[in-house]
Amino acid sequence: MKNTFKKIFSTTILTFTLIFGGTHIAYGTTFGNSLNGASSVEVWQIKYNGAAWNYSGSGYKNASFKYTRNGKLLLAKKVNRGKVKGSVWDDLRWGEKYKTKFSWNHVK
């Protein structure tokens, strides 16, 4: 009986560690510089927070970013001066057509 309890306890701890242990890892990327650019940060592996900025002296008219999935636009934001933010939720299914993609642009 003691060995069975230990196995169940160990299995439960291992399962929780595997499920929740790696969820604090976040992936992020930044493009451009401090005056004009965009960034995306993955939060808890289920949400993406995006931002674009364009400040005076950058030499650009605007900055923008967008999230797409399977060729469909999920979110697009554009800013002429200042900073803009937006978020999208991930599709938890596996496969290329469920992959959330981030892109950015700026205009001279």
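**View 1. Eight bridges join β2 to β3, and the two strands run antiparallel.** The model is predicted: local features need pLDDT of at least 70, side-chain atom pairs count only at pLDDT 80 or more, and totals for chains, interfaces and linings use all residues. Residue numbers start from 1 along each chain as its sequence is written, and side-chain values rest on heavy atoms, without hydrogens or water. Strands are DSSP runs of E, at least two residues long, numbered from the N terminus; two of them pair if DSSP finds at least two bridges between them. β2 covers residues 36–43 and β3 covers residues 47–54. Within this pairing, Val41 has Asn49 of β3 as its bridge partner.

**View 2. The turn of the β2 and β3 hairpin has three residues between the strands.** Trp44 sits in the loop that connects β2 (36–43) with β3 (47–54). Its phi is positive, at about 55 degrees, although Trp44 is not a glycine. Gln45 belongs to the loop between β2 and β3 as well. The phi of Gln45 is also positive, near 60 degrees, again in a residue other than glycine. Is Trp44 buried or exposed? Trp44 counts as exposed because its relative accessibility is 54%, with buried meaning under 20% relative accessible area, exposed over 50% and partly exposed in between (1.4 Å probe, protein chains only). Gln45 is partly exposed because its relative accessible area is 33%.

**View 3. β3 also pairs with strand β6, in the antiparallel sense.** β6 spans residues 82–89, and eight bridges hold this pairing with β3. At one position, Lys47 stands opposite Trp89 of β6. β3 therefore appears in two of the pairings shown here, one with β2 and one with β6. How many of the eight residues of β3 are buried? Six of them are, and β3 is thus mostly covered.

**View 4. Phe31 stacks with Phe102 and with Trp104.** A search of the whole structure gives six aromatic pairs; rings of Phe, Tyr and Trp (its six-membered ring) pair if their centres lie within 6.5 Å, and planes under 30 degrees apart count as stacked, over 60 as edge-to-face and the rest as tilted. For Phe31 and Phe102, the ring centres are 6.3 Å apart and the planes differ by 15 degrees. This pair links distant parts of the chain, with Phe31 in strand β1 and Phe102 in strand β7, 71 residues apart. Phe31 counts as partly exposed because its relative accessibility is 32%. For Phe31 and Trp104, the centres are 6.2 Å apart, with 20 degrees between the planes. Here too the pair links distant parts of the chain, from Phe31 in strand β1 to Trp104 in strand β7, 73 residues away. Trp104 counts as partly exposed because its relative accessibility is 24%. Which residues do ring pairs link into a cluster? The cluster consists of Phe31, Tyr48, Phe65, Tyr67, Phe102 and Trp104.

**View 5. His106 lies 9.7 Å from Trp53, C-alpha to C-alpha.** In sequence, His106 and Trp53 are 53 residues apart. His106 is part of strand β7. At 26% relative accessibility, His106 counts as partly exposed.

**View 6. Strands β4 and β5 run antiparallel and are joined by seven bridges.** β4 takes in residues 62–69, and β5 takes in residues 72–79. Phe65, a member of the ring cluster, stands opposite Lys77 of β5. How many residues lie between the strands in the hairpin of β4 and β5? There are two, and in this hairpin Asn70 takes a positive phi near 55 degrees. In the hairpin of β2 and β3, Trp44 likewise takes a positive phi near 55 degrees.

Terms used. Helix = DSSP H or I, 4+ residues; strand = E, 2+ residues; numbered from the N terminus.
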